[in-house]
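User: Please go through the terms applied to this model one at a time. For each, I should like to see the value set against the criterion behind it.

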Amino acid sequence: MTLADLGGGEFEGPASPERADTLFGGHLIAQCLAAAQTTVPQDRHVNSLHAYFMRPGEVDLPVAITVNPVRDGRSFSWRETAASQGGKELFRMSASYQAPAESPEYSRPARPEAPPPEQVPLTYGEFTMQQTGEDTWDGMGRPIDIRYINAPETPRGHAVTESQLMWMRIPERLPDTPAIHHAGLAYLSDATLVDHVMLPHGMRWQDANFLGTSLDHVMWFHRFARADEWLLFEQTVDSTGDGRGLARGYFFDRGGALIATCMQEGLMRWVQS
């Protein structure tokens, strides 16, 4: 998240800490969000983002980010960002930033029942390694802690349609700056969300002959929460078809408040073995 400001709306983000084959999408979302935040008035914070993944990125290269200041209104600011490596655009995002405002508050009923994170021993990485039979997970280098509450226990071939529940957090203490926590939450939101579009079909994202990748990502920020404290991520599959799957996610804090809503669509493709 320590971006180099090159001037004129140009930034450079450091390479990813992980060693996966391709760059984690949350890395691009978080860096572009952080870059755009530096160009808006200090009293405005992100309220929504809409993003598209265009090409896979390389984990060992820095990310070049360009911020276009679309407009600053009395209450809202809009920014467009593009991320590239080697002159090829990987990712494009539009984000809206809002000044504080007073209004009545309401959110959907309380978060799903879930044991506290301290009582959840299974990590998402452990579940993934169980599924693949491998002793490593691509996301092991990511600064992220994921505790999987109700990992699918039924064997392949049996449909799983219940919501998937996980506790998530950035495992290192972050500065108190709200923009860092918004970027951290955006980083978390890309983890595992689209992985579950295979579950209603009795399959897994980790299946050897399945090729999947994120296509786009949308997120709305409702209330502030620290990204370095445990948040419950409830994930559901809304639809699959035409080679795509759509998943929805809700973030809740430990007190039950709805923090953010996100949706992601992913490519669903099978390769010949």
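Analyst: Two strands are said to pair if DSSP finds at least two bridges between them. That criterion is applied here to a predicted model.

User: What makes S4 and S5 a pair, and in which sense do they run?

Analyst: The requirement is at least two bridges, and S4 and S5 have 8, so they count as paired. Their sense is antiparallel. One of the bridges sets aspartate 72 against serine 77 in S5, and a hairpin connects S4 to S5 through 3 residues.

User: How do you know that S2 pairs with S1 and with S4?

Analyst: Both cases meet the minimum of two bridges: S1 and S2 are joined by 3 bridges, and S2 and S4 by 4. Each pair is antiparallel. Aspartate 5 faces phenylalanine 11 in S2, while glutamate 10 has threonine 66 of S4 as its bridge partner. S1 and S2 also form a hairpin with 2 residues between them, and glycine 8 in this turn has a positive phi of about 65 degrees.

User: Why are S1 and S7 called edge strands?

Analyst: The sheet is open, has 12 strands with antiparallel pairing, and follows the order S1-S2-S4-S5-S6-S3-S9-S12-S11-S10-S8-S7. Strand S1 (4-7) and strand S7 (145-148) each pair on one side only, and that makes them the edges. From one strand to the next, the twist averages 25 degrees.

User: What makes S10 and S11 a pair, and which residue stands opposite glycine 241?

Analyst: S10 (residues 231-241) and S11 (residues 244-252) share 9 bridges in the antiparallel sense, which satisfies the requirement of at least two. Opposite glycine 241 stands arginine 244 in S11.

User: Which strands does H3 touch, and what does touching mean?

Analyst: Contact requires heavy atoms within 4.5 Å. By that test helix H3 (residues 178-189) packs on the sheet and touches S3, S8, S9, S10, S11 and S12. The direction of H3 makes about 145 degrees with that of S9. Helix H1 (residues 25-37) lies across S2, S3, S4, S5, S6 and S9, at about 50 degrees to S6.

User: Why is tyrosine 250 classed as it is, buried or exposed?

Analyst: Tyrosine 250, in strand S11, has a relative accessible area of 17%. Buried means under 20%, so tyrosine 250 is buried. Apart from neighbours within four places in sequence, it is in contact with Arg108, Leu232, Phe233, Glu234, Leu258, Ala260 and Thr261.

User: Which residues of H2 meet the cut-off for burial, and what do they pack against?

Analyst: Tyr124, Gly125, Phe127, Thr128, Met129 and Gln131 are buried in H2, which means that each falls under 20% relative accessible area. These buried residues pack against S7 and S8. Glycine 133 follows H2 and has a positive phi, near 75 degrees.

User: What makes the space lined by Tyr124 and Trp205 a cavity, and how many cavities of 30 Å³ or more are there?

Analyst: In a cavity a 1.4 Å probe fits but cannot get out, whereas a pocket is open. The search of the whole structure finds 1 cavity of 30 Å³ or more. About 50 Å³ lies in the largest cavity, and its lining is Tyr124, Phe127, Tyr148, Asp195, His196, Leu199, Arg204, Trp205 and Gln206. That lining divides into 5 nonpolar, 2 polar and 2 charged residues.

User: What is known of the largest pocket, and how do you know which residues line it?

Analyst: A lining residue has an atom within 4 Å of a grid point of the pocket, and 37 residues line the largest pocket. Its volume is about 1,200 Å³. Thr22, Asp138, Trp205, Gly212 and Thr213 lie nearest its centre. H1, H2, S9 and S12 each give two or more residues to the lining, and S9 gives the most, with 6. By class, the lining has 17 nonpolar, 12 polar and 8 charged residues.

User: Which element supplies the largest share of the second largest pocket's lining?

Analyst: S3 does, with 3 residues. The second largest pocket has a volume of about 600 Å³ and is lined by 19 residues, with Gln98, Ala101, Phe221, His222 and Arg223 nearest its centre.

Key. Residues numbered from 1 in each chain as written. Predicted model: local features only at pLDDT ≥ 70, side-chain atom pairs only at ≥ 80, totals over all residues. Heavy atoms only, no water. Axes fitted to C-alpha atoms, helices over the stretch in contact; angles between N-to-C directions. Buried < 20%, exposed > 50% of the residue type's maximum accessible area, 1.4 Å probe, protein only. 1 Å grid on protein atoms, 1.4 Å probe; cavity = no way out; pocket = protein on both sides within 12 Å on 5 of 7 lines; lining within 4 Å. Points joined across faces, edges and corners; volume = space filled by probe spheres on them. Nonpolar A, V, L, I, M, F, W, Y, C, P; charged D, E, K, R; others polar.
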